[in-house]
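Please study the sequence and the structure shown below, and then work through the exercises that follow. Each task is followed by a solution in steps.

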Amino acid sequence: MGGSGANIEIKVEDLYIGYGKRVLMEKLDFEIRQGEIFFIMGGSGCGKSTLLKHMIGLLEPMSGDILIRGRSIVKAKDEERMKLMRDFGVTYQGGALFGSLTVAENVAMPLEEYSGLKPAAIAAEVEKKLELVGLKGFGSYMPSELSGGMRKRAGLARALALDPKLLFFDEPSAGLDPVSSAEQDRLIRSLRDDLGTTVVIISHDLDSVFAIGDRIIMLDRDARGIVARGDPRELRDESDNPAVRKFLTRDGLK
Amino acid sequence: MNDSERKPKRSLWDRIADPLIFLGASAIALPSFFTRRGFRKRELYYYLDLCGVQSVPIVVLICFLMGAGVSLQSVLQLRKFGAEVFNADLVGFAVLKEFGPLMVAIIATGRAGSAFAAEIGTMKVNEEISALQTLGIRPEAYLVLPKLFAMLVSIPLLTAVGDVAGVAGGMAIGVSYTEVPLTIYWERTINALDCMTFMIGITKSVVYAVTISLCGCYCGFTAAGDAQGVGRGATKAVVSSIFFVVIADAVLTMLFSFIGY
């Protein structure tokens, strides 16, 4: 399994996060290993997305550190942080495509900025990425002409443009039909299996967690921290915490 | 969003520090105009069209009417002293030094300033700004610079167009409401106005262009993340732009008066 690798991709150390003086999560400590599909779960509004924003360097924590391949994204200065950010891909809940650019231009943007490739090579690469996410032939569409699910997939194509070794997903299956969601899970798994990509996913989707998740952490708003960590299947069947079992079995209905 | 995740209101310190941080970030992004990192020529052309070309008809109309209005008021007063011939001087100075740049700035605020705020505010709601950041691109380079440069080019040019329209409006009234013939009016206008008078207005328009662009963009970046927040951001952009334009006008007029203009 991908989670068995000893190399640490992300290390979160004694992290305190919150807004203003209000602490949302405290003493967060966890590691994500290279080539692992790692889920961050928790009830609505517990701070999962806020934790993600800290991990990708968009927000500064109150204290603590986040190391990506040994380099701190918290302590990195402006230019250094931007360099660190280029090394990973992020897909956002709504796709976050640039509305004034076509789908192909959106995917081409990181390539134009950083790859140094010629326009023809960029166009070929864009076509390849769009095909990978099932959007072949939609390059000339504007984001507003696409459905929510297609926008999400186009956002994934953009995140994959520079072939990052680390990918973050914010609620990837929200708003997708079951078949598209399963296709996306397969794609995520193949990225990990074929390219060794490390994947961090914020999600509620239990089907995805059990299908592709190697390890999870579960956050809890009242406990202000991690209440469970490990293999999702083991936690579902053997966790000492009834709230965790309840969550992972959809309150006994699964 | 529940209580625990709700962001606190911005403190007074944030309200003072945020505009300065924004100005600093925009200044740091300036070299990307030359390195092309994050800066896109196509965006520049789009804003040149939006802020410049598309504004020409409304600028011509408003400035013509403003010139006509000023001319009518001055004719009524100058007539009392039999000095109607000086109407050309008064209209020329008023339009080139004050009303031309000011009216163009107000039109630009309504057209461009509010659009900048709404556009950036909506991008913030859609997480497009976060996406730019995680692509390692400075949002200021991609979002502020094309707008700023487009305004720096288009507003002075529009001001020149507005000056011509304003003087023409003044002339239309000056000639039709008085006994002053067109040739005399034109001659007086040419004699009264010099290059420096024109440049004062253009200098003002450059300052207004920077003010409107930065106010619009800043209000977009600080807009709250919902539809009402974007609306409030656009309103704030218009109000703050006009406020700072009027302040800049007062300061510049005083400064120019010190050097005899």
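**Exercise 1: Strands of chain A**

Strand S6 (residues 88-91) of chain A and S7(A) run parallel and are joined by 4 bridges; strands are DSSP runs of type E with at least two residues, numbered from the N terminus, and two strands pair if DSSP finds at least two bridges between them. The model is predicted: local features need pLDDT of at least 70, side-chain atom pairs count only at pLDDT 80 or more, and totals for chains, interfaces and linings use all residues. Residues are numbered from 1 along each chain as its sequence is written, while chains are lettered from A and ligands numbered from 1 in the order in which they are written.

Task: Identify the bridge partner of A:Val90 in S7(A), and state which strand 5 bridges join to S7(A).

Solution.
- Step 1. A:Val90 has A:Phe168 as its bridge partner.
- Step 2. Strand S8 (residues 198-202) of chain A is joined to S7(A) by 5 bridges, and the two run parallel.
- Step 3. Within that pairing, A:Leu167 is partnered by A:Val199.

**Exercise 2: The contact between the chains**

Task: State how many residues the contact takes from chain B and from chain A, then divide the chain B side by class.

Solution.
- Step 1. Chain B gives 17 residues and chain A gives 22 residues (in contact: C-beta atoms, placed from the backbone, within 7 Å).
- Step 2. The side of chain B that touches chain A has 5 nonpolar, 7 polar and 5 charged residues; Ala, Val, Leu, Ile, Met, Phe, Trp, Tyr, Cys and Pro count as nonpolar, Asp, Glu, Lys and Arg as charged, and the others, Gly among them, as polar.

Terms used
Contact = placed C-beta atoms within 7 Å.
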